[in-house]
Amino acid sequence: MKVSERFAESVGQQENDMKYAYFEGRIVPLEEAKISIRTHAFLYGTSLFEGIRAYWLPETRQMSIFRMKEHYERLLRNGKLFFLTPALSLQELCDITCDLLRKNRPNCDLYIRPTVYKADEVVKPSLDNSRNELCIWVRPFGAYLDLSKGLSVCVSTWRRSADNAIPSRAKAGGGYMNTALAVTDAHSMGFDDAIFLTAEGSVAEGSAMNLFILRDGKLVTPSKTEDILEGITRDTIITLARNELGIEVEERVIDRSELYYAEEAFFCGTGAQVAPITAIDNRPVGNGQVGPETQRIQKLYFDVVKNKLPKYQHWCTLVDIDTP
Ligand code: PMP
């Protein structure tokens with residue numbers, strides 16, 4: 001079974017359990033959260049979104065929302081660039097999200113998807129002629145990519161959207177057509193996913209994840225000026241590698257050929273979490289097995305997101321869930 005099919009299966013099972021969404025000012029039943037086919041965001045992709053994970057802690061019946069504040073800070077930063085700022089403060093965004101979780105009463109890991117979008121029915125592709133609205137939905141969420149076996153990926157023939165086209169630094173709805181092209185072609189060639197290069201030909205990121213490689217025992221990841229999303233998981237891993245695992249981290253330009261010299265490689269992201277890569281363009285990464293440093297990072301990451309490390313508990317917002 002392909003990774004994408006496994007993923008669809010894992011998220012599909014409990015999908016109907018989440019009955020409420022936040023939509024244009026209120027928490028409503030999911031079926032009432034609807035936009036018109038004439039909505040600007042639907043016509044032109046004029047939306048910004050976030051993907052946030054919340055982990056279920058069965059012992060305490062709490063959800064641990066991972067780095068929610070940083071996600072909403074990024075949404076607000078991106079909003080300035082695209083004139084897509086919601087009429088809500090950072091605190092309000094966080095409070096609404098916690099309320100939505102309490103209302104849905106989940107007992108499994110969740111994906112939280114806030115979207116700010118141009119909500120008017122205007123036929124004109126500009127950003128200054130429409131009201132900004134916010135919706136948030138949640139759904140059960142398993143592993144987005146295979147986390148144990150190791151992925152076989154390719155370098156995409158599609159280049160990452162350049163900063164002067166659609167800045168990849170922002171999670172802009174329309175920008176994900178770029179992602180979709182790369183992933184679709186990777187799948188059609190039998191790969192699990194794709195790595196983007198920048199227009200200049202240096203390594204950027206995965207289709208919807210950031211990328212790390214291990215070279216000479218150091219973790220290396222493209223710097224923030226390499227047409228990447230400034231990933232929150234990327235930042236988490238840099239912090240944990242440096243402060244907890246004693247691994248040196250370099251943020252720099254990565255040549256394409258360095259991918260084939262890597263001792264280890266992995267993708268990271270809210271959806272992807274820490275997903276090992278064991279082959280790139282049909283060449284084994286290292287010895288073709290999931291690397292030991294990747295395993296150490298993956299284990300620590302899961303402990304941190306599940307609120308197990310006191311030093312990083314400030315990254316986890318705990319929400320008590322009522323027993324149904
Ligand atoms: N790059 C892209 C293009 C993404 O869509 C994502 C997923 N949000 C990431 C990187 C990883 O970012 P984060 O760790 O903040 O989820």
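Guide: Helices and strands are DSSP runs, helices (H or I) of at least four residues and strands (E) of at least two, numbered from the N terminus. The model is predicted.

Visitor: Which elements each supply at least two residues of the lining of the second largest pocket?

Guide: Strand 1 (20-23), helix 2 (40-44), strand 6 and strand 7 do. Strand 1 runs from 20 to 23, so it passes the cut-off of at least two residues for a strand. The volume of this second largest pocket is about 390 Å³. Its lining has 19 residues, and I35, T115, Y117, C135 and W137 are the closest to its centre.

Visitor: What makes a residue such as W137 part of the lining of the second largest pocket?

Guide: A lining residue has an atom within 4 Å of a point of the pocket. W137 is listed among the lining residues, so it meets that cut-off. By class, this lining has 13 nonpolar, five polar and one charged. Cys and Trp count as nonpolar, so C135 and W137 belong to the nonpolar class.

Visitor: Which element gives the most to the lining of the largest pocket?

Guide: Helix 5 does, with five residues. The largest pocket holds about 840 Å³ of space. Its lining counts 41 residues, with Y111, R113, Y144, Y176 and A208 the closest to its centre.

Visitor: Why are helix 6 and helix 8 called roughly perpendicular?

Guide: Compare the angle with the range. Helix 6 and helix 8 pack at about 110 degrees, with their axes 11 Å apart. Angles of 65 to 115 degrees count as roughly perpendicular. The angle falls in that range, so the two helices are roughly perpendicular to each other. Their crossing is right-handed.

Visitor: Which residues of helix 6 and helix 8 meet?

Guide: T233, T236, I237 and L240 in helix 6 meet I297, L300, Y301 and V304 in helix 8. The contact divides into six nonpolar, two polar and no charged residues. Thr is not on the nonpolar or charged lists, so T233 and T236 are the two polar ones.

Visitor: What makes a space a cavity and not a pocket?

Guide: In a cavity a 1.4 Å probe fits but cannot get out, whereas a pocket is open. The whole structure has three cavities of 30 Å³ or more. The largest has a volume of about 50 Å³. Its lining includes R160, S161, P167 and Y176. The second largest cavity holds about 40 Å³. Among its lining residues are R53, H71, T233 and Y301.

Notes:
Residues are numbered from 1 along each chain as its sequence is written. This is a predicted model: local features need pLDDT of at least 70, side-chain atom pairs count only at pLDDT 80 or more; totals for chains, interfaces and linings use all residues. Side-chain values use heavy atoms; hydrogens and water are left out. On a 1 Å grid over the protein atoms alone, a cavity is a set of points where a 1.4 Å probe fits but cannot get out, and a pocket is an open set with protein on both sides within 12 Å along at least five of seven lines; lining residues have an atom within 4 Å of a point. Grid points are joined across faces, edges and corners, and a volume is the space filled by probe spheres set on the points. Axes are lines fitted to C-alpha atoms, for helices over the stretch in contact, and angles run from 0 to 180 degrees between N-to-C directions. Angles under 35 degrees count as roughly parallel, over 145 as roughly antiparallel, 65 to 115 as roughly perpendicular and the rest as oblique. A crossing is left-handed if the near helix is turned anticlockwise from the far one by less than a right angle, and right-handed if clockwise. Contact means heavy atoms within 4.5 Å.
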